[in-house]
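User: Could you take me through one part of this model in detail, and then show me what else stands out around it? I would like a connected account that I can follow with the structure open.

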Amino acid sequence: MTDYPHLLCNLSNDMALATDAVPYFPPQHIRQMEDDLAMLAHVWDDGSERPQPWGWSRAAKAVFRRRGIDVRLMPSDDELACWRQYSSRAFAAAYVQQPLLPTDDGVMDVGLRMRFCRSVDEVPTTFACPMIFKSPWSSSGRGIFVADTMTADVQRRLQGFVHRQGGFLMDEYYDKRLDFALEYRMTQSGDAEFVGYSVFMAETNGNYGYNVVDDQRCLRAMIEAEWGGDIAALCNAHRQRLQQMLGGRYRGFVGIDMMVVELPSGGRAVHPCVEINLRMNMGILALLLEQQADDRRFYQRLRDRLVLEDFPFDDFDCLRSCMRSSMRVPLTPSRDVGFQASLTSGKLMITCS
């Protein structure tokens, strides 16, 4: 990526936020993942020369400064300190303290008991149902575990969260039926622009599985079929709350992870805010791929930047024609050993060989 100094595929940014170290050196396997998947940054490249990382942190800013990027094109240190706090799960817990929609039938009460704890003493000694615990900053299932009773091991792990990151998020562990997200962009003027829906699969431990790449009508239909509620009203409610809590304080992408859950009493509900990601994310990446799937110029740039001997370039004129062929479409260079991103049967996937 040395030829594109304004692009940075720093997938470890959540970990950099946790340590707040400058410079930040992620574990070796994470560094390999970032190197192997670096070409993904070309998907979100908007064509400008402004710095475009996966996520902002003091460590990311330091990388751009070493590359010679004008500091005036980057967030200030005070802004980065503020954005770091908004990226914490403590902010997500505060975000859902009040219902987003009327709760006359109780189906939007899910998530209201999510709370951020700064001491293990705040956790009850017995659980009425399984609980999920998360460190303030983590990604791809790291720093997350589920427990159905308070044991010495659970207490030790929670104390570790408190010692390293100042606390942990606690929520009920729900019977999940669908993972989805609402994607927004906070503008310079403080507006929260709705970017689109994303539907994805995450494993029980939070590890990323894949994102569905499809048009917005299909993704909305998938969500509404599982839930049966008014997704438009929920989109607008999130937009208003984002403008209230982040307007004029943050600019950039915001992804709100949610899920449709089965209620113990019957029926289904939506957890309106499992997590908030203030950065590029796989849902927006899938959305951008769908938006550009018929753009021959985008496909040409993708072909030019990926040197892939096993890709039948001449057989297709755009990304959508590849997708319709049901073939595996590589988005990063193929490797015998390492990480690869691809579109496979309409799914955006990250695999490791």
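The close look that follows centres on one strand and then turns to other parts of the model.

User: Which strands does S8 pair with, and what is Ser198 in contact with?

Analyst: Happy to! Please keep in mind that this is a predicted model.

Let's start with the strand itself. S8 covers residues 192-202, and eight of its 11 residues are buried, so the strand is largely enclosed by the rest of the structure. One of its partners is strand S7, residues 175-186, which pairs with S8 in the antiparallel sense over eight bridges. Within that pairing, Glu183 has Gly196 of S8 as its bridge partner. Five residues lie between the two strands of this hairpin, and Gly190 takes a positive phi near 100° there. S8 is also joined to strand S9, residues 208-212, by three bridges, again in an antiparallel arrangement. In that pairing, Met201 stands opposite Tyr210 of S9.

Now to Ser198, which is found in S8. With a relative accessible area of 3%, Ser198 falls under the 20% limit and is therefore buried. Setting aside neighbours within four places in sequence, Ser198 is in contact with Phe180, Ala181, Glu183, Asn211, Leu219 and Gly283. With Glu183 there is also a polar contact, in which the two side chains are joined at 3.0 Å. So Glu183 appears twice in this picture: its bridge partner is Gly196, while its side chain meets that of Ser198. For a sense of distance, Ser198 and Ala233 are 35 residues apart in sequence, and their C-alpha atoms are 17 Å apart in space.

Leu219, from the contacts of Ser198, takes us on to the helices. Helix H8 spans residues 216-227 and helix H9 residues 231-246; their axes come within 10 Å and cross at roughly 105°. That crossing makes H8 roughly perpendicular to H9. On the H8 side the contact is made by Arg220, Ile223, Glu224 and Trp227, and on the H9 side by Ile231, Ala232 and Leu234. Sorted by character, five of these residues are nonpolar, none is polar and two are charged.

Another sheet is worth a visit. Four strands form an open sheet in the order S3-S6-S4-S5, with antiparallel pairing. Its edges are S3 (115-117) and S5 (144-147), each of which pairs on one side only. From one strand to the next, the twist averages 30°. Inside the sheet, S4 (residues 131-134) and S6 (residues 168-172) pair in the antiparallel sense over four bridges, and Met131 stands opposite Glu172 in S6. Helix H7, residues 152-165, lies across S4, S5 and S6 and runs at about 150° to S5.

Finally, have a look at Arg84 in helix H5, residues 77-86. At 15% relative accessibility, this arginine counts as buried. The side chain of Arg84 reaches the backbone oxygen of Ala18 at 3.4 Å. Beyond residues up to four places away in sequence, Arg84 touches Leu17, Ala18, Asp20 and Trp137.

To return to where we began, S8 has S7 on record as an antiparallel partner over eight bridges and S9 over three, with the buried Ser198 joined to Glu183 by a side-chain polar contact.

How values were computed. Residues numbered from 1 in each chain as written. Predicted model: local features only at pLDDT ≥ 70, side-chain atom pairs only at ≥ 80, totals over all residues. Heavy atoms only, no water. Axes fitted to C-alpha atoms, helices over the stretch in contact; angles between N-to-C directions. Parallel < 35°, antiparallel > 145°, perpendicular 65-115°, else oblique. Contact = heavy atoms within 4.5 Å. Nonpolar A, V, L, I, M, F, W, Y, C, P; charged D, E, K, R; others polar. Buried < 20%, exposed > 50% of the residue type's maximum accessible area, 1.4 Å probe, protein only. Polar contact = N/O pair within 3.5 Å; in protein donor to acceptor, adjacent residues only side chain to side chain. Pairing = 2+ DSSP bridges.
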